[in-house]
Amino acid sequence: ARNFIKAHRMAQERVCFYFGRDQSADTPEEKQVIAESNASIRAAVEFLERMDARVVQVVVSKQIGSQILRSARHEIDLLREQGLLTAGEAHEMESVCVSEMQRIVEYSRGADASEETHNLLGGKSE
């Protein structure tokens, strides 16, 4: 929901910038789009407010952990491409990333989550 809200706010700025005279809503169409977007944002905020804070924290932690592991995997690929890691070293390090991603997914689901792990790693396979 937080990313949804962020995306709506960014889109509001872009709609006004590209379709209006400036970054404020100055046409009836822009005002309508902004009003609809604000209604969606309010619904998302209300949704977040109803959620248990612990659940929100687990989701945020899972997202951050996933981003860190994807970034690490990307850096490993770059180091291998530059010849600073052998293919074997890169594979071993990537396997650790995949294993840790699997732990993140299983922590919240408690089940086999290999497809979700694959998706969180950006569709890369081991």
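Let me begin with a single residue, Glu-46, which at 43% relative accessibility counts as partly exposed, and which is found in helix α2, the helix that runs over residues 28–50. Although Glu-46 and Ala-1 are 45 residues apart along the chain, their C-alpha atoms are separated by 9.9 Å. Please keep in mind throughout that what we have on the screen is a predicted model.

Now to the protein as a whole. Its secondary structure comes to five helices and zero strands, so that anyone reading along the sequence meets the pattern α-α-α-α-α. How much of the protein counts as buried? Of its 126 residues, 25% fall into that class, while the accessible surface comes to about 8900 Å², with 54% of that area belonging to carbon and sulfur atoms. If we take the contacts in the protein with a separation of 6 or more, residues 24 or more positions apart account for 52% of them.

Let me turn next to helix α1. This helix has 18 residues and reaches 26 Å from its first C-alpha to its last, which is close to the 26 Å expected at 1.5 Å a residue. Which residues of α1 are buried? They are Ile-5, His-8, Gln-12, Val-15 and Cys-16, and because they cover an arc of only 90 degrees around the axis, they are put on the same side of α1. As for what lies against them, the buried residues of α1 pack against α2, the helix in which we found Glu-46 a moment ago. On the face turned away from that buried side, α1 carries the exposed residues Arg-2, Asn-3, Lys-6, Glu-13 and Tyr-18.

Tyr-18 leads us on to the surface, since together with Phe-17 and Phe-19 this residue makes a nonpolar surface patch of about 420 Å². Phe-19 has its place in helix α1, which covers residues 2–19. Is Phe-19 buried or exposed? Phe-19 counts as exposed because its relative accessibility is 64%, and the cut-off for that class is over 50%.

I would like to finish with the charged side chains. In general terms, side chains of opposite charge can pair when their charged atoms come close. How many salt bridges are there in this model? The count comes to two, and I will take them one after the other.

One of them joins the side chains of Arg-54 and Asp-52, at 2.7 Å from N to O. Arg-54 is exposed, having a relative accessible area of 63%, whereas Asp-52, with 34%, is partly exposed.

The other brings together the side chains of Arg-103 and Glu-100, at 3.2 Å from N to O. Where do these two residues lie? Both are in helix α4, which spans residues 87–109, and they are three residues apart, or about one turn of the helix. Here Arg-103 is exposed, with a relative accessible area of 54%, while Glu-100, at 30% relative accessibility, counts as partly exposed.

To gather up the main points before we discuss them: the protein has five helices and zero strands, the buried residues of α1 pack against α2, a nonpolar patch on the surface is made by Phe-17, Tyr-18 and Phe-19, and the salt bridges number two.

How values were computed. Residues are numbered from 1 along each chain as its sequence is written. This is a predicted model: local features need pLDDT of at least 70, side-chain atom pairs count only at pLDDT 80 or more; totals for chains, interfaces and linings use all residues. Side-chain values use heavy atoms; hydrogens and water are left out. Patches are made of residues with over 30% relative accessible area and no salt bridge: like charges are joined within 9 Å, nonpolar side chains (Val, Leu, Ile, Met, Phe, Trp, Tyr) within 5 Å. Accessible areas come from the Shrake-Rupley method with a 1.4 Å probe; for residues, only the protein chains shown count as cover. A salt bridge is a side-chain nitrogen of Lys or Arg within 4 Å of a carboxyl oxygen of Asp or Glu. Helices (H or I, at least four residues) and strands (E, at least two) are DSSP runs, numbered from the N terminus. Buried means under 20% relative accessible area, exposed over 50%, partly exposed in between (1.4 Å probe, protein chains only). The expected span of a helix is 1.5 Å times one less than its number of residues. The arc is that of the directions from the helix axis to the C-beta atoms. Contact means heavy atoms within 4.5 Å.
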